[in-house]
Amino acid sequence: MVINIGIVSLAYCAGCEVALASMERFCNLIADGVVRIAYSTLLVDSEKLENVDVLFVTGSIRTGEDIIAVKEASRKASKIVAFGSCTCFGGIPGLGNMIRREEIVGGVFGSVQPSESGLLPKLAKFVIPLQSVVDVNYMVPGCPPPEPVIEALLESLVHGREFTLPSVSICNECPLNRDDKKPVKEPRRRLLALNDVDVDTCFLKQGVLCMGPATLAGCRALCPSRGAPCIGCMGPLPNSRDQAADMIDALSGVFYMIEPLERILEAVLDPVGLLSMFTLPYSTIPYHRRVGVEEVKRDAD
Amino acid sequence: MLIEIKPVTRIEGHLHAYIEIGRDDVRVQLRAGGFRGFERILIGRPIEEAPHIAPRICGVCPVAHHLASAKAVDALLGVDIPRAARIVREIMGLGGVAQSHLLHLGFLIYPDIEYGRGSDAYSAPLFKKLVTLRRRAVRIVDVSGGRHVHPFNAVPGGVLKLFSREDIEVLKTEVEYGLKLLGEVYGDIVERVEKFIEDNADAMPCRGVPMAALAGNGKGIEMYDGVVKVVMDNTNLLFRPNEYMKYVVEESIDYSYSKRVYIDVDGVRKIFRVGPLPRLLTSQEMPYDASRKFYRDFELLNSRWPLHPLVYNLARIVEIAYCFERIAELLNELQNVQALPRTKVELKEGEGIGIVEAPRGLLIHHYKCNGNGVITYANIITPTTVNIPVMEYDIREMVKLLIDRHVDDAENIKRRILYLVRSYDPCVSCATHTIHIAKR
């Protein structure tokens, strides 16, 4: 039996699709006819989404039309996968929630505003996560989702097993973690830390912001194991509702000796951007959620 | 007659083609959607985060955005990166170009050149071989960039990690294997691409539009550094990256989230082309065996259909070979270079411009930051933004010719338009770096 999949891409970069298409397993499933891509404007010809077994949604919900598109698409699928952190949590485009939409468009285009021509979809007030619009079967976070997680997802789709995510943090799979975190005296901004940081030692221990403790495992600590602090792309742990709050919690465990507290803000210069780089629309800041969801109801129902 | 292609398929991003064929004229609009506002999102962020955030503009060419961004930050902080770091970055860039070209060849344009086979195309042995070949390029970016989609190894002042001894072994093996596989499929691919061009090139415009690419000192194609070379009619224009604002003008239009970009010389604005075709035609002789041999085939094809957009498809294949061969040379050079990953950086107020050759052509990142290292200004010009007006021009000329030749069947015209657009391999998420179209 062929598994038909559809990929609906919203405000996206195509990195999720590329990550999928770069998996040898996935390509083999297509070549062998086990999986058929029934719809994806990036990868195949079909202009309309037909009924599919599994619908992958990638990208952020950025316009009113994105909302209509996913609602319509969700009716044609038996299973819905929120694929990638943009879909799960809003992703980096979600940082746009700190800026008024008029300013986002005006800041890029000046006085000629394409959004006013009536030919193009207008920005919604806020970027919102997919699950605030439709019911999602599987959340597959990551920017892009890491190979072991995609592998597990494919395995579950092909063999009809449940797909599960880990429930622990990146630190649990990080080769740099020796479980010997001590209070740090000197918080260090990532830029300046580059001058003498040891990229083979726990970054937090060196006073450098690493999102590991507040970020879901699954990537086998890809960035830290290759010399970079985690920037949190896998999003929060299962029971969390706010990755930034979790990180502040974790930082209080290592930065508590630092005085005055302003020194922490010199190192973590842009707390909203750095602590919720991928998850601002999924945070507990109620305004985004309330206004965003109200807009969904008004515009799309 | 009105032809609307909604959406244009097998390209990256959200693009609608709108073609109005009137009695005397043909009106063409390529409407790019998918605006996300990256230039605005970057403002207020720490300068060192730009190379993390910028790749998210595009998952097909994240390496190019990562490198252009890192180069802009280096320039802004006034640092020269160590030679070893530069080599690691260049290898990452070359791997990125090869993997993107192979995505185009193996997925986006593939069913067009395998025609006759339709949806059966994926069961053809060539598809599996292309997947295996592309995997080599993906591995190269994994090793040099940390991860192939959204790499992170380039940082202000250099790279986080240089190659370990095992890394170098892996890279050498991948390059060798890649060239071997490319040699095996080359004949099959060229045969298909030539037939594709032969069958579809007749009614296409071949007029010269100015073209631009990076130019270095050495032989071959310059992907990472150098000056910008613009070739127009009979004159050449050379300018340094930090002079781009003098010659490159952007203009917002009301029907698309992609701006129009012109080259401006003495007040005369012209649209121009970038990408593999201009890169090959402005480059010096290929210094390596495989790419030199492939380049001859390319020259032959280009002499039959000079500057034809469909010839982009063969140009990409020459570049794939060049990327692998250049990586092999850089790996050799690395043995004699001091193993220093980064130059020291310090905070300063400044302005920086970084230009690289992305898979689709010139990519410009331009930032300003305050004394605290916070971004206050960001401008990004992507190759697809540059190419979209040329595509519109090409479509208009082609449709006029087709109508003159009494080809007025909408399906046929539509197919030709798709072939033309796909040959440019547009990356619309880059062009709008910024939202999205799903308008019905």
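Begin by selecting B:Y110 in this predicted model, a residue that is buried, with a relative accessible area of 0%. Keep B:Y110 highlighted and add B:F127, which is likewise listed as buried, with a relative accessible area of 0%.

**The aromatic group in chain B**

With both side chains shown, look at how the rings are placed: across all chains there are 14 aromatic pairs, and one of them is the pair of B:Y110 and B:F127, whose centres are 5.8 Å apart and whose planes stand at 45 degrees, so that the pair is classed as tilted. Now colour the two helices, because B:Y110 belongs to helix α5 (residues 110–113) of chain B while B:F127 belongs to helix α6 (residues 125–145) of chain B, and the pair therefore ties together parts that are 17 residues apart in sequence. Which residues form one aromatic cluster with B:Y110 and B:F127? Select B:F107 and B:Y122 as well, and the cluster of four is on the screen.

**Two arginines over rings**

Stay in chain B for a moment and select B:R31 together with B:Y18, where the charged end of the arginine sits over the tyrosine ring at 4.1 Å from its centre. Then move to chain A and select A:R241 and A:Y282, where A:R241 lies over the face of A:Y282, 4.5 Å from the ring centre.

**The cysteines with a binding-site annotation**

Return to chain B and select B:C61 and B:C430, at which UniProt, in an unreviewed entry, places the feature "binding site". These positions span 370 residues in sequence, yet no two of their C-alpha atoms are more than 8.6 Å apart, so they gather at one spot.

Take B:C61 by itself and follow the chain to either side of it: this cysteine lies in the loop between α2 (50–53) and α3 (62–77) of chain B. Is B:C61 buried or exposed? B:C61 is buried, with a relative accessible area of 5%. If you leave out residues up to four places away in sequence, what B:C61 touches is B:P359, B:R360, B:C427 and B:C430.

Next, centre the view on B:C430, which is placed in helix α14 (residues 428–431) of chain B and is buried, with a relative accessible area of 2%. Beyond its neighbours within four places in sequence, B:C430 is in contact with several residues, among them B:E12, B:I57, B:H65, B:T382 and B:T385, and also with the cysteines B:C58 and B:C61.

The unreviewed UniProt entry also lists B:C58, B:C61 and B:C427 under "binding site", and these residues, although spread over 370 residues of sequence, cluster in space with a largest C-alpha distance of 8.6 Å. Select B:C58, which is found in the loop between α2 and α3 of chain B and counts as buried at 0% relative accessibility. Which residue of chain A is in contact with B:C58? Show A:C13 to see it, and then add B:H65, B:H150, B:C427 and B:C430, which are in contact with B:C58 too, once its neighbours within four places in sequence are left aside.

Finish this group with B:C427, in the loop between α13 (410–423) and α14 of chain B, which is buried, with a relative accessible area of 0%. Not counting residues up to four places away in sequence, B:C427 touches B:E12, B:C58, B:C61, B:R360 and B:T384.

**A valine in helix α4**

Now select B:V97 in helix α4 (residues 83–108) of chain B, a residue that counts as buried at 1% relative accessibility. Its contacts, leaving aside neighbours within four places in sequence, are B:M223, B:R279, B:E319, B:C323, B:E357, B:A358 and B:P359; B:P359 is also touched by B:C61. Draw a distance from the C-alpha atom of B:V97 to that of B:V141, 44 residues apart along the chain, and the separation is 9.7 Å.

**The two domains of chain A**

For the last stop, hide chain B and colour chain A by its domain assignment, which gives domain 1 (3–159) and domain 2 (170–282). The C-alpha centres of these two domains of chain A lie 28 Å apart, and 21 residues of domain 1 are in contact with 17 residues of domain 2. Between them the domains of chain A bury about 1,400 Å², with 76% of it on carbon and sulfur atoms. On the domain 1 side, select A:F89, A:L95 and A:P148, which lose the most area to domain 2 and together make up 36% of what that side buries.

Note on methods
Residues numbered from 1 in each chain as written. Chains lettered and ligands numbered in written order. Predicted model: local features only at pLDDT ≥ 70, side-chain atom pairs only at ≥ 80, totals over all residues. Heavy atoms only, no water. Phe/Tyr/Trp six-rings, centres within 6.5 Å; stacked < 30°, edge-to-face > 60°. Helix = DSSP H or I, 4+ residues; strand = E, 2+ residues; numbered from the N terminus. Buried < 20%, exposed > 50% of the residue type's maximum accessible area, 1.4 Å probe, protein only. Lys NZ or Arg CZ within 6 Å of the ring centre and 35° of its normal. UniProt positions renumbered as here; feature names shortened; annotations may be inferred. Contact = heavy atoms within 4.5 Å. Domains from an automatic or database assignment. Buried area = accessible area lost by both parts, 1.4 Å probe.
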